[in-house]
Structure formats: structure tokens, C-alpha cells
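Trainee: I am new to this structure. Could we walk through it together, one question at a time?

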Amino acid sequence: MSAEQQIQNAIDTKQKINVIYNGGSMSGQSRVLGPISIKGNKVRAKCYTTNALKTFLIERIQVMAENGELTKDRSSEVSQPPKVEPQQTLLDIQNAISPHFPTEQWLIELTESEKDLSIYARFKNGNPKKLPELQVCFEEYRTELEIDELTGDFKEVIIKRTKNWVVRYKKKKSAISYSHLNTAADRLFTWCKELLGSQSIEFKFLESAMLKHLKTMWPIDGKTKIKRELAALPNVYYNSAISQGTLNNEHWYFNVPYTFRDALDIKYEQRIKDKVGSMVWTQGPILKFKMGDNFPAKNTNITLQVQFGDQMGWDRDKSEMYLGSVVFDLFEIIDKKYTYKQRYQCNQMEFLELLINGDNLERLIKQSR
């Protein structure tokens, strides 16, 4: 019986059910729910664990039977966010697409205000065409024509936009508006592939959204403190029924499992809200990869092994973040045998970037073994 069927039965019989909810501040932990109603893919229920009325997504609910058996985990079926995170900017997007647009054929222009990114095709003489082929821009207002009831004439009316990010494609004569840059950029990437005639292109950022997010938690000066925020990049999930956790980082180039929470400064701790305490996953910016850490690549036959690690920390004397250091060896795995290839040195942030994107080895310092 599916989770939705069991929830409906609980509503009909006014019974409580034990569930695992793969979301919210208690993601992966067991709860006791008293379902009230179902509307679409949402269920309204009283959560007896937190003593509050809440709305839950059905696809994130696993109902637990008396023998501990869970219904199917459908949380992976929930639409995942696009590759571009909200922390990225138009400058990041420009840096990501530029390698795929040869300058002799294309001009990518970003306005000084960094609110308008346009891609122009060039004539044979090298001059850019007048109108952009593709454009993504932030627009606070839009204009519409309305009929003046008194005169019968058309008049231009300025309306404040609710979806400010607009993506335009000249070839399709299309313009689509989005509330957030991440979804607008996802559309831009799709149309860039079509414009270039290649669906196999991958757009990669010079700095991932996670690193940009970690930097927002650094002290601004000697007077402020290091921040800790709710874990979002990556987003931790723990299934207490089977004692198994994940960092929801399947898109990372190297395999960084749940056991590396400490290296990513992720903790499970109590937070107080409205005088009520609850346990939540939090994250700080102090990376601390250490000797012995091993990270195999997901789709290639290489692995990284840390030989030395010096964690990050705030330098009070310099009022700046000390980035620590990591020395690691690169191995190639052939017929289950590890063949040493090269030793590298970098800071903790660079090492995390490597684990996420897997493409910055050439920028790191090589060392002899």
C-alpha cells in the first residue's frame, strides 16, 4: 500500500501514523502525524512530535509499519534545483558560458550594473550585430498598453514586475520571465546549447555556489563572529529507520559521503525558536579535510588521498580567514590496483572546489613525493 493510501486511511479512521519525513528542519527523523486532509500532493496534518499543524509534501513522506518497514522513498522524484544556485551572479554565468563562445564569432557583454547579460553574433568583419541573439536581464518594471475609457485612446502603463529575470531568444522570438536567477540561467543554458548546436556542452563555474555560500559566513571584520547557518549546500538527510544518511551531493565529481560531515563543518545541534528547542543540521565555514581522507571519482578511475591537512580558521591579527592547506596524492585505479600519478598542494577551499567540480588540478601546486 502506498504512502498516500495509508495517509488517506489514517484520515478516514482518524488514526495517527509514524512517518519519516525527508524534508524540513527534522529531515530524516521519525515523526508522529495525525493526518487531516489531502489536497493535490500535499497533506495537512498535526505533527505530534512538534505539537504543530503543518503541511507536508506526500512524495517526501515514508509511512512506517509496526514492523519498521517503510513505504517507498519518493523524495528523489521531487524536482531538483537546476545547476545554477541562487548565490551565483550574472558575472558567474558569463564566466561559465564564455569558453564555449569563440570571441571571433561572438560578443558576450555584461553591463556595468551587472543586471544585463547579452550574447551578440558577429559579422564576418568582426563587428557585433545590432540585436543580441540571447539575453538575460533584471527588469523591475514592464509596460503595457491600455485603453483610456474616457478618450478611447491607447496609453502606456508601467507595471511593477513580480518575475524580474527575463530571458530572450531572438531566433524563437521568445521572452520568458522568472522569479529567480537560477531558473532564468537554466533556461539561458538550454538556449545556449541550441544556439551553438550542441547538447553535450557543460557549463561550469569558476567558483561553485557552495564556496560562495561559505564565504558569506566569514566575519566581515574583527568585530563580527563566524556564522553558522542551517545546512543548505549540501542539504543533509538522515533516515533514522535504517541509520543511513546522505549529503544530497550526487552532482559532485568525487564521492563525498555522509561520514565527512565534520570536514564540511556540518553539525546536528539544537536551535531555539519561539522558546521551543529542536534539533537541526547546521553548517559553518571552517573546512578541515585531514590526513587519511580518501575520495574516489564517481565516473572515472581516479581517487584522491589526503596526506596532510591543516584546517581553516579566523586570523584575528590579520582580520582575515586563514584558508588552511591540503596535501594530497592522485592515484589511478587499474584492475583494482592503485598507481600513483602526482602529489598536489592547495588550500582547503580549493580542495573542496576540486571535490565538487573535478576540473581545477591544473591550477594547483605540484609537489614531489
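Trainee: Over how many bridges do strand 7 and strand 8 pair?
Mentor: In this predicted model, strand 7 covers residues 116-121 and strand 8 covers 134-138. Strands here are DSSP runs of E with at least two residues, helices are runs of H or I with at least four, and both are numbered from the N terminus. Two strands pair if DSSP finds at least two bridges between them. Strand 7 and strand 8 pair in the antiparallel sense, and the number of bridges is 4.

Trainee: Before we go on, how are residues numbered, and what should I know about the model?
Mentor: Because this is a predicted model, local features need pLDDT of at least 70 and side-chain atom pairs count only at pLDDT 80 or more, while totals for chains, interfaces and linings use all residues. Side-chain values use heavy atoms, with hydrogens and water left out, and residues are numbered from 1 along each chain as its sequence is written.

Trainee: Which residue in strand 8 is the bridge partner of Leu117?
Mentor: Leu117 falls within strand 7, residues 116-121. That strand pairs with strand 8 in the antiparallel sense. The bridge partner of Leu117 in strand 8 is Val136.

Trainee: On the other pairing, which residue in the turn between strand 6 and strand 7 has a positive phi?
Mentor: Strand 6 and strand 7 run antiparallel and are joined by 5 bridges, and Leu107 has Tyr120 as its bridge partner in strand 7. The two strands form a hairpin with 5 residues between them. The turn residue with a positive phi, about 55 degrees, is Glu114.

Trainee: Which strands stand at the edges of the sheet with the order 6-7-8-11-12?
Mentor: This is an open sheet of 5 strands with antiparallel pairing. Each edge strand has a single partner strand, so one side of it is left without a neighbour in the sheet. The edges are strand 6 (106-110) and strand 12 (174-178).

Trainee: Is strand 7 largely enclosed or largely open?
Mentor: Buried means under 20% relative accessible area, exposed over 50%, and partly exposed in between, with a 1.4 Å probe and protein chains only. In strand 7, 5 of the 6 residues are buried, so the rest of the structure leaves this strand largely enclosed.

Trainee: At about what angle does helix 3 run to strand 11?
Mentor: Axes are lines fitted to C-alpha atoms, for helices over the stretch in contact, and angles run from 0 to 180 degrees between N-to-C directions. Helix 2 (residues 90-97) lies across strands 6, 7, 8 and 11, at about 25 degrees to strand 7. Helix 3 (residues 181-196) lies across strands 6, 7, 8, 11 and 12, and its angle to strand 11 is about 10 degrees.

Trainee: Why does Gln94 count as buried?
Mentor: Gln94 lies in helix 2. Contact means heavy atoms within 4.5 Å, and, not counting residues up to four places away in sequence, Gln94 touches Ile108, Leu110 and Leu117. Gln94 counts as buried because its relative accessibility is 15%.

Trainee: What are the edge strands of the sheet with the order 4-3-2-1-5?
Mentor: Here 5 strands form an open sheet with antiparallel pairing. Each edge strand pairs on one side only, and these are strand 4 (52-57) and strand 5.

Trainee: Which residues of helix 1 are buried, and where around the axis do they sit?
Mentor: In helix 1 (residues 3-13), the buried ones are Ala3, Ile7, Ala10 and Ile11. The arc, taken from the directions from the helix axis to the C-beta atoms, is only 100 degrees, which puts them on the same side of helix 1. Their cover includes strand 1 (17-21), strand 2 (30-39), strand 3 (42-47) and strand 5 (61-64).

Trainee: Which helix gives the most to the largest nonpolar core?
Mentor: A nonpolar core is a set of buried Ala, Val, Leu, Ile, Met, Phe, Trp, Tyr and Cys residues joined through side-chain atoms within 4.5 Å. The largest has 43 residues, and those with the most contacts inside it include Leu264 and Phe328. With 6 residues, the element that gives the most is helix 5.

Trainee: What share of the protein's residues is buried?
Mentor: The protein has 5 helices and 24 strands. Of its 369 residues, the buried share is 41%.
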